[in-house]
Amino acid sequence: MEYIILDLEFNGTYSKNRHRFFNEIIEFGAVKLDEQLNIVETFSELIAPQISKKLNPHVSALTHITIDELKDSKNTFSHVISKFRKFLGDSVLMTWSNSDILVLMENYRYFFGNDKLSFLKYYVNIQKYCQRAVGNSDRAHQLGLSTCAEMLGITYENKQLHRAYNDAELTALCFKALYDEELLKGYIHTCDNEFYQRVTFKNYNICDLKDAHIDKKEMFINCETCGKRALRRSKWRLKNKSFRANFRCLRCRKDFEGRITFKKHYDHVEVIKKTAELPQKEKQKPSVKA
Ligand SMILES: [Zn+2]
């Protein structure tokens, strides 16, 4: 099995035709790895933008790419994608987090009117894999590529990051350092219809207590000090997309606010519980005699 690690640079622009913002791809960079994870082929192409006339200052500052350089390439998205398809073949495509695959889909849809990358067979979000492989289970914070490289002692001097090819090469070094055949199997997705539903699914916080995805048995809060279940002393209120109520731990004689967030993912609901100090106005209410 061969792996292609792809990195894209793109320019956020407003499309007057479509009346919406659009991330136009301006650079493709990729490496092909053989089964021993050696780089056997490389891919690097600039694209002359068709929608944006100039580069977003943030993009120029980050990449140091100039609009003239892009124009000089005389490449269109359509040229580059057809070259890239050949380069990819039946290999597994990997990108660092799914933002690049989403931008690739966005461009493909814009230029070809098709939601699905018909040429794509297998996909891995290599950021997710690396985060797991380094043992970081903090879902709220994504592991950055340069942080990952640093953790692994991979030095990448004299090369500019945020250029597609360099980022793809650095990703390959991280992948190689963290390679685990068994672990990787769980991260390889076949690109069927379900894959597209999953990758485009936008997680959201459930704001209606009657929502069928909410497990009512989760509506409790434990005291942070003693771990015992606390007594709820108010109705649930919704604030900043979390359900909140006043609680008291009878054992510790402590009052606090309990907060529960139900985050809907494609195939599961994540329950996040926190405690906080009571809001000021709740504190002012006369306390109930114990
Ligand atoms: Zn307690």
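Which residue follows H3, and what sign does its phi have? That would be Gly 89, with a positive phi near 55°. The views below come from a predicted model.

**View 1. Helix H3 from end to end.** H3 takes in residues 77-88, 12 residues in all. At 1.5 Å a residue it should span 16 Å, and its end C-alpha atoms do sit 16 Å apart, so the two agree. Straight after the helix comes Gly 89, the residue with the positive phi.

**View 2. The two sides of H3.** Look for Phe 77, Ile 81 and Leu 88, the buried residues of this helix. They cover an arc of only 30° around the axis, which means they share the same side of H3. Why can residues spread along a helix line up like this? An α-helix has 3.6 residues a turn, so residues three or four places apart point the same way. Over on the other side of H3, Ser 82 and Lys 86 are exposed.

**View 3. What H3 packs against.** The buried residues of H3 pack against three strands, E1 (3-15), E2 (20-33) and E4 (92-95). Helix H4 (99-112) is a partner for them too.

**View 4. Helix H5 and its cover.** H5 (residues 126-133) is largely enclosed by the rest of the structure, because six of its eight residues are buried. Those are Ile 126, Gln 127, Tyr 129, Cys 130, Gln 131 and Ala 133. Their cover includes strands E1, E4 and E5 (122-125), along with helices H6 (145-151), H7 (164-177) and H8 (181-185).

**View 5. Just past H5.** Here the residue to find is Gly 135, which takes a positive phi of about 80°.

Methods
Residues are numbered from 1 along each chain as its sequence is written. This is a predicted model: local features need pLDDT of at least 70, side-chain atom pairs count only at pLDDT 80 or more; totals for chains, interfaces and linings use all residues. Helices (H or I, at least four residues) and strands (E, at least two) are DSSP runs, numbered from the N terminus. The expected span of a helix is 1.5 Å times one less than its number of residues. A residue is buried if 20 or more other C-beta atoms lie within 10 Å of its own, exposed if 12 or fewer, and partly exposed in between; C-beta atoms are placed from the backbone. The arc is that of the directions from the helix axis to the C-beta atoms. Two residues are in contact if their C-beta atoms, placed from the backbone, lie within 7 Å.
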